[in-house]
Amino acid sequence: MQQVCLLTVVSLFVTSAQCKTPGLQTRITDRALEYATEVALDILSKQVTGQQIPDQHGQSGGVKFDITGMNVKQFTKPSSRVSLIQNVGLSWSTSGTGLAIHGDFKYKYRKGIIKISDHGSFDLKANSINFQIKIEIGMDGTGRPTMKAVGCSCYVGSADIKFHGGAAWIYNLFSGQLENTLKDMVGGGNGLLCKQLNTLIDVNGMKSLQKLPVTVQIAKRFLLDYRFLSKPSFQTKFMETYHKGEVYWNAVPVDAPFAAPPLLKSSDTSRMMYIWLSDYVFNTMSYNALKYNQLQYNVTNKDLPSGVLNTTCPQSTCIGKIIKAIGTKFPNTTVMLYMKSTSMPNMTVQNGSTVVNASGDIVFFAQQPGGKYTYFLTLSATMSTTISLMIQNEKVFAKVLKLPISVTVKDSKIPVSPEELNFIVKGIVSVFVEPKLNELGAAGFPLPVINSVHFTNTQLTVAKDTLLIATDLKYSG
């Protein structure tokens, strides 16, 4: 990927307005920026090496010369430094860059009746090259991050040229002017290096940012919103960004009627990147799932093993044998369970644990000849599920640890004993619900990261209303 890694790291972020508590917040530390510049220089070296330089024509005294076929043969990496500029972005400066350039020359010398012409090749070594560039980081009108190169400057400390072929004494007549010409071509605000840096930031860098997933579809029905709502903030040791972190119903993207809670405070800067993920993200998804009737499901024999919803069976494991009133009233058929949430499932993150509380109804129907269903029972169910969370492949994954479910009879056309309710919970509901929850958790919740940046040495902290991800980064572009 043709981009400066410094920009790649910046393009991890999406931000949100300071006047509204974000659902997701990030922090990028100076460690990340230092790593990014090292990778950036590797990329810059590859792009500059082999770069063609426009032909030059000039005259010095009685010598006319043409310089053609110039290209960069070698790029020596400098030492570099990145600093953060409040309300602006980043400043990147380097010292000690070196360039080796090879080209061809021909000249004509005339003095009186003396006429000399010849051609050959040359090698130029430019040393002690220093450049500095500022990068403004902001957002556009759609909430996407933006970056722009500002005020690039480049200074070439020295240049040494060696000619191959031709008369050596003539070189002295134009070598000084040629060295200065080539120094100006490499250095300066419009020279080779600044042009390349401006292209990397304004063109390649912006192309990379366009690949950043600021909105992500989930299950084709929901839209996860990672868009910027304000510019990033910059401190001495880090930059922080904020984003909305809300899940919408894709067809009708309307804000949920509740706000995100305050996120955990932290001053840690020992890792490269920090992501604060609010339980608001999950809760806005469950709000819309309930609102648009996504939290309902018809459970039939295809969802459970061994014909457990049969009303008649030779063994004693079907519902008609365990709850005899069902088998007596509806023989030789099957039962369907219509499960629906009656309130929004709510995630609570605190004290090192993550709990999802939910409640709903379980409505029982017996299938009749001709495909009709006869209602006979409604149970009210409450569930408080403890889940474990993990970070892998830049996604948040979840797995059920505990799934206590309690049920009570809400309405019934048949007698149901406590023992029979226990069978329904353990033998039917839990067997269906836990795999479904684990299936959702195994799909993973995507974080706003482009494909070429990966997490390493990652730690997950579960605190009040917040999942805090502390991680180092690795670039694989």
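Modeller: Domain bounds here come from an automatic or database domain assignment. This is a predicted model, where local features need pLDDT of at least 70, side-chain atom pairs count only at pLDDT 80 or more, and totals for chains, interfaces and linings use all residues. Residues are numbered from 1 along each chain as its sequence is written, and side-chain values use heavy atoms, with hydrogens and water left out.

Biologist: What distance separates the centres of domain 1 and domain 2?

Modeller: Domain 1 covers 49-209 and domain 2 covers 249-466. Taken over C-alpha atoms, their centres are separated by 63 Å.

Biologist: Thanks! Over which residues does pLDDT stay under 50?

Modeller: pLDDT is the predictor's confidence in each residue, from 0 to 100. The protein averages 86, and 95% of the residues score at least 70. Where pLDDT is low, the predicted coordinates should not be read in detail. The stretch under 50 is residues 1-19.

Biologist: Which strands stand at the edges of the open sheet of six strands, and why is one side of each left without a neighbour?

Modeller: Strands are DSSP runs of E, at least two residues, numbered from the N terminus, and two of them pair if DSSP finds at least two bridges between them. The order is β11-β12-β1-β14-β24-β23, with antiparallel pairing. One side of each edge strand has no neighbour in the sheet because each has a single partner strand; these are β11 (233-234) and β23 (453-463).

Biologist: And which residue is the bridge partner of Ile275 in β24?

Modeller: Strand β14 (residues 273-278) pairs with β24 (residues 466-475) in the antiparallel sense, over six bridges. In β24, Ile275 has as its bridge partner Ile469.

Key
Contact means heavy atoms within 4.5 Å. Helices (H or I, at least four residues) and strands (E, at least two) are DSSP runs, numbered from the N terminus.
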